[in-house]
Amino acid sequence: MGDDKPDESKIPPLNPEDPLFGLTDEQIKESLSVFGKNEIVIPETPLWKLFLKQFLGFLPILIELAAIVSIAVQDYTDFGIILAMLVINACLGFHEEYKAKKSLDELSHQLESEVAVRRNGETLQLNVKELVPGDVVLLVGGTIVPADTQWIKGDTVSVDTAPLTGEPIPRKYPGDHGDIILSGTTVVAGECYGRVMRTGEHTEIGNAQKEIMADKTVSVVSVFQKKIMLVVQILVSVSFVLVIAVLLVQGLAYDGFKINVSQTILDALVILIASIPIALPLVLQVNMALGASHLATTYNAVVTSLPALQDIASMSMLCSDKTGTLTTANMSIITDQIFASDGFTAEEVILYGFLCSNADKKDDPIDRAIVSAFNDTGNSKDGYVQTEIIGFNPSVKRVVAFVKSGDKTLTIAKGLPAKILDTEAGAPDDHELQWKVDKINDHAFIKSVEATDTDLSSSGYKTIAIAVCEGNARELGDAAVWKFAGLLPMLDPPREDTPATIESLHHANISVKMITGDHANVGKETSRLIGLGTNVLPGEEMRNAPSETKNDIIWNADGFAAVLPSDKREIVLVLRNHFGLVTGMTGDGVNDAAALSAAQVGIAVAGATDAAKNAADLILTEEGLSPIYGAVLESRRIFARIKAYVVYRVAASIVLVLTLSIVIFVTSCAVDSLMIIILALINDVSMIPVAYDNAKATTKPQLPVAKTLVLQSLFYGLVQAGLSLMFIFSMAYSKNDEYALDLYGPNNEGCTGESKAFIWFHLVMVTELMIFSVRAPRFVLISPLPSMYLVGSVFLTLILGGLLACLLPNFGLHGANLGFIILFNVASFIVVDLMKLQFRKMIGEEPGDVIDNDELLTPKTRTETQKTVEKGERYRTHRESIVGEADRCHCVEVKSKSGLPGFFSLGGDTMMDNGYIKPMGSINFMRQNQAPTIRGPHRTKQVSSPY
């Protein structure tokens, strides 16, 4: 624990009369003054370090090497310009990165967690940072334990301790490992009350996290980022080969080594500089950071790591939970539909349901509905005292409570009807209490219960069954007699916006499969109401299917009902690994965590448990499914901008390198190295507004396919380089001597200043205009307009470039030649833009239709046949959106904090806290399937999963 272990004698004791009374206001103040808040202070990155990091990384270091070469050959002018280029890029990068960093810091406040706490005899929902030693907290399934906590009352809980111990099997508390449940572990089954013993840095895991943060950082790199850097590395490598070739041709064929060695070296060096897209990391990071901020503020969707934006943009299939996502989760007991078995009344069924619930679980939709219905009856619970409750477990799908009534003891169970009738229904489970109701062999009775349950579920009601055993069933063992009391029908209507959201997701070529633990009839009725197909199959049918047909069942079904947690994960993995689709999964409970972790896009819905949020890539802070649609559109816009810039920047480098190199090979005409450096600088600076461009989401997913990026870059680069060379040499051999270029100069002593100016301004114009074609999903004149910032930046650059080309003494471009350049570039721009449409079609990169705005579409009434036909059309698009096996994960890299960024990294990861949204304190964990390393806080309210 370290040398600063707190004095536990100062922890306020439990209330001797009522251990669950909690702390008083005076005790809270005293404990807070002694122990402080439950948080770990995360050191801020100093601004000076943020600025200096702009000079590190693969691309900036190449520019710095060019500066070293310049000073070595004593070209102080070029050295000054290269140095200015580095500083200007660093200042711009620092400004944009700092602005984006501030935006992400604001998001961290939405990532803070709450827990149910008993204080002054009342239950409160408090931020985990406000916990102090002595507090009594309620821990339920799905809760990440917020502090080292001593078990005091409740179930023997199963706790996942893997983040601390690495053990895959949950531990039982209290048990062989004592009664202290350590902070950062996750309650996977059961519920209990606990007393906070240690908080913040004094906890076991808090002390470890403090040491880790001092030594290591964890960097999450998206597939897209890795591919971009691979493309850049190949580009620079090829450019380096051309630089060597230019150096040898200039030095040997044109006697450059004899005439002017330093100038020959610089002529070759500037070609390498022209190939380096130094602003690429900045544009990538600013795009993702600002996009993440926009997602949270506009769509109430918080990404837990920036690379997840790529997967959201690529998503083709969404597996959605029903309760609380597609429906309201504002359940209500329909009292006039209650089914009471012989010997019981409807009032008794509600009473027993109430006695088997926990009123402190105010965010549990089922317990809340039952407690509310009981209170509405006006009946009294006097004479009944709940002494123990075995909380909900998603694998057993029931709750058991022990109740004292005078001298008698009652054991009450509530849960899934099949499991209440016979606990071995579906499959045997590991609950400590197993039974069959006393009338299990009465076929008429069982058929009556099943028929009633079917009728209710077919009408859209969720049913909870109640059974009662007189006596303590644990002590009675096999002698316990369980009586089936009845069914509580609950209404959970679809959200008003769910049908429109489903319609909109389908238009965006994202198919939705409903996966629910409810009865299949409830699932079918809900699907019908929200516009999904009604081919909803029981989970048992999938589980029992032969392996050769199971995958097809999952592919063809519209949804699954009565599923187990393992079913959800299997469905996701089949869609992801067998069919190769980027798959999303929504969930809220601990039973959803495995499936959320398996999905490329795990989505924790509003009010989800900590376990669900810890496994998620996207956390919704607004109820319903509609924030997902907004997140998809914004992510597709983000990656449309990024892909456009990457294609543009690589293509521009190809144009510059090929044009300058071939002109030197043929004529020995080298544009002044100073002006090429200026060209590279203004090229990068003028494209920064791409991060704010008016990109439009398309109806097809944005896939991180490097091949198409490279092919498009080659298309633009080679075509524009070819047109440029044709234009330059045609002007050189023009019969009009007044405007012809002299690329050889008098007596072959070097080309004239105007020829250099002509080449230079042409390259400025062709590279600047190219962005408008690359960013346009269709023909440029009918595509969404670019942002005014981008238009203004490009045309200011062209005006500046024209003035420099015409007015600089060593250039002196003729006005007529300026006009020729403008006319040629406008004409070639239109020709190339028309050619791009056919080329994109040829390589399968057609963008699909543009989604004009974020408004949800009005749902249409369709027959089942029409739904099936439209589903087939979407599935054809899905087959075109398959991603390779290597592209289905995020790469995690652990590195020393003291070390420099990787030479071949994008660099500048400070603002995104190494890929994750930056935490503000307390304790949090990464998805455990990525790395067993700790990070900041995770998040909001605790709820138990519905049955």
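Buried means under 20% relative accessible area, so Asn 509, at 11%, goes down in my notebook as buried. I'm working from a predicted model throughout.

**Entry 1: Asn 509 and Glu 873**

I started with Asn 509 and looked up where it sits: the loop between helix 18 (498-507) and strand 20 (511-515). I then checked its backbone and got a phi near 60 degrees, a positive value in a residue other than glycine.

Next I looked across to Glu 873, which is found in helix 31 (residues 864-879). How far apart in space are Glu 873 and Asn 509, C-alpha to C-alpha? I noted 8.9 Å, with their positions 364 residues apart in sequence. Is Glu 873 buried or partly exposed? Glu 873 counts as partly exposed, because its relative accessibility is 43%.

**Entry 2: other backbone oddities**

I found a positive phi at Lys 397 too, about 60 degrees, and Lys 397 is not a glycine. Lys 397 lies in the loop between strand 15 and strand 16 (398-405). I have it down as buried, because its relative accessibility is 8%.

I also went looking at peptide bonds. Tyr 173 and Pro 174 are joined by a cis one, with omega at about -10 degrees. Pro 174 belongs to the loop between strand 6 (171-173) and strand 7 (180-181).

**Entry 3: around strand 24**

I spent a while on strand 24 (residues 601-604). In a regular strand the side chains alternate between the two faces of the sheet. That made me check each side here: Val 601 and Ile 603 are on one, Gly 602 and Ala 604 on the other, and all are buried, so both faces are covered.

Which strands pair with strand 24? Strand 23 (residues 583-587) does, in the parallel sense over four bridges. In that pairing, I see Met 585 bridged to Gly 602 of strand 24. The chain gets from strand 23 to strand 24 by way of helix 23, and I logged this β-α-β crossover as right-handed.

Strand 25 (residues 618-620) also pairs with strand 24, again in the parallel sense, over two bridges. Here Ala 604 stands opposite Ile 619 of strand 25.

**Entry 4: the largest pocket**

I pulled up the largest pocket and wrote down a volume of about 1000 Å³. How many residues line the largest pocket? The lining has 37, and those nearest the centre are Ser 158, Pro 170, Val 188, Ala 189 and Val 590.

I then sorted the lining by element. Two or more residues each come from strand 5 (157-160), strand 8 (186-189), strand 15 (385-390), helix 22 (565-578), helix 23 (593-598) and helix 24 (610-614). Which element gives the largest share of the lining? Helix 23 does, with four residues. I had already met helix 23 in the crossover between strand 23 and strand 24.

By class, I tallied 15 nonpolar, 13 polar and nine charged residues in the lining of the largest pocket.

**Entry 5: Thr 708**

My last lookup was Thr 708, in helix 27 (residues 706-732). Thr 708 counts as buried because its relative accessibility is 7%. What does Thr 708 touch, leaving aside its neighbours within four places in sequence? I found contacts with Ile 843 and Glu 845.

Terms used: Residues are numbered from 1 along each chain as its sequence is written. This is a predicted model: local features need pLDDT of at least 70, side-chain atom pairs count only at pLDDT 80 or more; totals for chains, interfaces and linings use all residues. Side-chain values use heavy atoms; hydrogens and water are left out. Buried means under 20% relative accessible area, exposed over 50%, partly exposed in between (1.4 Å probe, protein chains only). Contact means heavy atoms within 4.5 Å. On a 1 Å grid over the protein atoms alone, a cavity is a set of points where a 1.4 Å probe fits but cannot get out, and a pocket is an open set with protein on both sides within 12 Å along at least five of seven lines; lining residues have an atom within 4 Å of a point. Grid points are joined across faces, edges and corners, and a volume is the space filled by probe spheres set on the points. Ala, Val, Leu, Ile, Met, Phe, Trp, Tyr, Cys and Pro count as nonpolar, Asp, Glu, Lys and Arg as charged, and the others, Gly among them, as polar. Two strands pair if DSSP finds at least two bridges between them. A crossover is right-handed if, with the strands pointing away from the viewer, the path from the first strand over the helix to the second runs clockwise.
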